[in-house]
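Dear colleague,

I am passing on the structure below for your consideration. My notes on it follow directly after.

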Amino acid sequence: MRYLKILEYALASLLRRPGKTCAILVVYTLMIVVLASVLFLTQALKTEATTMLAGGPQLVVQKTMAGRHELIPVSAVEKLVEIPGVKAVKPRVWGYYYDALTGTNYTLQGFDTLANELSLLNGRLPREEGECAIGAGVARSRLIHLQDELILIDYDNIGRIFTVTGVFVSAADLLTQDLVVMPEGPLRQFFGMPDSLATDLAVEVYNPNEVDTIANKIKRSLPDSRPITQSELLRTYHAVFDWRGGMMLALFSSALMAFCILAWDKATGLSAGERREIGILKAVGWDTGDVLLLKLWEGLALSLLAFLSGCLIAFILVFWWGTPVLGGILRGWSVLFPALRPTPFIDFYQLGTLAFLTIIPYVASTVIPAWRAAVTDPDEVMRAS
Amino acid sequence: MRLSILCLLFILICSPLFAATPAGPDDKTRCGVCGMFVAPYPHWVAALEMTDGQYFYFDGPKDLFIFYENLATYQPGATRDQVANLYVTEYYTARLIPATEVFFVVGSDVLGPMGRELVPVAGREAAATFMRDHSGTKLMRFDGRELLDAQEQP
C-alpha cells in the first residue's frame with residue numbers, strides 16, 4: 001500500500017512539471033523509435049531473406065571462367081548425379097533484362113526452374129511461347145495487368161510480345177517482385193542461349209548434413225565451377241543486412257550522443273526546487289529509502305512510457321507504413337524496389353537488450369543525484385536553496 | 001470424380017507397399033534410450049518394430065542398438081524373439097530402411113544428435129565412399145541378430 005501511495009505521489013510530481021516531463025519524454029521516445037526501427041527492420045529483412053532462400057535449392061553450381069560467371073554446359077549434370085547423396089540436378093535458365101522504358105532491371109526465369117511459387121500466383125503459369133507471368137513490381141512499373149501485353153526487346157534487338165497470364169502475389173515480396181517467368185524454350189530464344197548451356201545448375205540433396213561434402217566433391221570433379229550452398233548465401237545476406245544496420249546506427253550515433261547529454265543534464269541536474277522538495281519530504285518524516293523509491297518510480301514511469309510508445313511507433317513505422325526513410329537505405333540491391341511490407345516479427349532478445357541499455361542508465365541517472373540530496377541533512381538542503 | 005476414384009484405387013493398391021516401413025515419429029515421441037525428442041532429427045531416426053506392431057523410436061542407430069542389446073533393461077519381459085524389425089535412416093538418401101540392408105560406418109567425423117554414431121550407408125561402394133570422405137575407421141553390418149565386422153565379407 002505504501003508503495004502505491006509513493007507511486008501516486010511520483011506520478012503527481014511528474015504531472016506538476018509538465019514542461020520538463022514532456023521534453024524528456026519526446027526526445028526519449030524519438031531515440032527509442034530510431035533505435036527500435038533499425039533493429040526491427042534489420043531483423044525483418046533477415047527473416048525475409050531466410051524464408052526467401054528456404055524455398056530455393058540447397059546447392060547452386062555456377063561455372064566460372066577467368067574469375068567471372070559463365071554459362072555452364074548442361075552435360076555437367078551427368079557428372080553431378082553420380083555423386084552419392086544427390087537427389088536431382090536441374091539446369092536453370094535465367095538472366096537479367098534492363099528495361100530502358102522504365103529504367104528498371106527485370107529477372108527473367110525459365111519455367112522449369114521455379115520451385116514452389118505456383119500457389120502464390122494470381123492467374124496461371126505460362127504454357128506456350130508468347131506467354132509470361134510477371135511479378136507485382138513489373139506489373140506496377142509497366143502499368144499492365146492480367147491478359148495485357150508485355151513487350152520486351154530480345155538479344156537481337158527485336159521486340160517480342162508476351163501475353164501476361166499470371167501475376168505473382170508472393171508473401172516473400174523481394175523474390176518475385178522483378179520476376180518475368182516464361183517457358184524455358186522461348187526464354188532461350190529470347191536470350192539467344194544455346195540448348196547445350198544453362199545459367200547454373202540447381203542441386204537437390206537428400207541429407208542436409210552432406211551438402212558441404214557434396215560441394216567439395218563438385219569442386220573437385222568440375223574444377224572450373226563454383227558451388228554455392230544455401231547456408232553460405234544466407235550468411236552473406238545476414239552479414240549484408242547486419243552491416244547496413246550497423247552503418248545506420250553509426251550514422252545515428254551523433255543523435256544518440258546528443259540525447260544522452262540532454263537526458264543526463266535533465267535528469268541529473270536537480271533543480272533548486274527539487275532539492276527543496278526532497279528536503280521538505282525528509283523534514284516531514286520520509287525515509288531516505290522512500291525518497292529513493294519516489295525517484296525510482298518517477299524514472300521508471302517516464303522511461304517505460306517512452307520505451308513502450310517508442311517501440312509501438314517503430315513497429316507501426318516499419319510494419320505498416322513501410323519504413324519511409326530507413327527502408328531505402330537498408331535494403332536495395334536492385335532498381336525495382338518492392339513495396340516493403342515485411343512480415344511482422346519481433347525478437348524479444350533484441351528488445352530486452354534495448355530496454356536494458358536505455359531504461360537502466362536513465363533510472364540510475366535520476367536516482368543517484370536524488371540519493372545524494374536525500375542523504376544530506378534536510379535543514380542544510382532547505383537552507384542552501 | 002473419376003480422378004478421385006483413381007487416386008483412391010492407387011492408394012489402396014500401394015498402401016501395402018508403404019506399410020513395410022514405419023510411419024515415423026510424431027512430435028511427442030521420445031528416444032527409447034536417451035529420452036530426447038526424436039522428430040527434430042529426421043535424418044537420424046531409427047525404429048524398432050515389435051511383433052505385436054508396437055514401435056520404438058530412437059534418435060540414432062547407436063541408441064537403437066543399445067536398446068536392442070539390452071532389451072531386458074529397457075523393456076522388461078521382452079525377448080529378442082519379439083523384435084520383428086530394425087529400421088535406420090540411410091545417410092545418403094535420408095530414407096528409413098531395414099537395418100539389415102545397410103553397412104554401418106564406425107568412427108567417422110559425422111556426428112549425430114548423441115555424438116559419435118554408427119552411420120548407416122546402403123551399398124558397399126557408397127560405404128567405401130563415405131569412409132573415405134568422412135574418415136571412417138571400421139565397417140560393420142547387422143545380420144538380423146547382432147552387429148558383425150563387415151570388413152572381410154563380400
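In chain B, B:F103 stands opposite B:V121, a residue of strand β8(B). The strand pairing concerned is that of β5 (residues 102–106) of chain B with β8(B), which is antiparallel and extends over four bridges. Both strands belong to an open sheet of four strands in chain B, ordered β8-β5-β9-β10 and paired in the antiparallel sense. The edges of this sheet are taken by β8 (119–122) and β10 (147–149) of chain B; each has a single partner strand, so one side of each is left without a neighbour in the sheet. From one strand to the next, the twist averages 40°.

Please bear in mind that this is a predicted model. The mean pLDDT of chain A is 82, and 89% of the residues score at least 70. Among the elements of chain A, strand β3 (residues 72–73) has the highest mean pLDDT, at 93, and helix α11 (residues 326–330) the lowest, at 61. Where pLDDT is low, the predicted coordinates should not be read in detail.

As to its overall make-up, chain B contains four helices and 10 strands. Along the sequence, these elements follow the pattern α-β-β-α-α-β-β-β-β-β-β-α-β-β. Of the 154 residues of chain B, 31% count as buried. Among contacts in chain B with a separation of 6 or more, 55% are between residues 24 or more positions apart.

Helix α2 (residues 61–69) of chain B is mostly covered, with seven of its nine residues buried. The buried residues of α2(B) are B:P61, B:K62, B:D63, B:L64, B:F65, B:F67 and B:Y68. Leaving aside neighbours within four places in sequence, B:L64 is in contact with B:A46, B:L48, B:F58, B:L86 and B:V88.

B:L64 also appears in the largest nonpolar core, which has 67 residues; those that touch the most other members are A:C132, A:I134, B:F58, B:L64, B:V105 and B:V121. There is a second, separate core of 38 residues, including A:M31, A:V38, A:A44 and A:F241.

Two of the core residues just named lie in strand β8 (residues 131–134) of chain A: A:C132 and A:I134 point one way from the strand, A:E131 and A:A133 point the other way, and all are buried. On the parallel side of its pairing, β8(A) is joined by four bridges to strand β10 (residues 159–168) of chain A, where A:G166 is the bridge partner of A:A133. Strand β11 (residues 179–182) of chain A runs antiparallel to β8(A) and is joined to it by two bridges; here A:V180 stands opposite A:I134.

The contact between the chains takes seven residues from chain A and nine residues from chain B. On the side of chain B that touches chain A, five residues are nonpolar, three polar and one charged.

Two backbone points in chain A may merit your attention. Most residues other than glycine have a negative phi. A:L143, however, has a positive phi of about 55°; this residue lies in the loop between α4 (136–142) and β9 (149–153) of chain A. Because A:L143 has 8 C-beta neighbours inside 10 Å, it counts as exposed. A:N157 likewise has a positive phi, near 65°, and its place is in the loop between β9 and β10 of chain A. With 6 C-beta neighbours inside 10 Å, A:N157 also counts as exposed.

With kind regards

How values were computed:
Residues numbered from 1 in each chain as written. Chains lettered and ligands numbered in written order. Predicted model: local features only at pLDDT ≥ 70, side-chain atom pairs only at ≥ 80, totals over all residues. Core = buried A, V, L, I, M, F, W, Y, C linked by C-beta atoms within 7 Å. Buried ≥ 20, exposed ≤ 12 C-beta atoms within 10 Å, placed from the backbone. Contact = placed C-beta atoms within 7 Å. Pairing = 2+ DSSP bridges. Nonpolar A, V, L, I, M, F, W, Y, C, P; charged D, E, K, R; others polar. pLDDT = per-residue confidence, 0-100. Axes fitted to C-alpha atoms, helices over the stretch in contact; angles between N-to-C directions.
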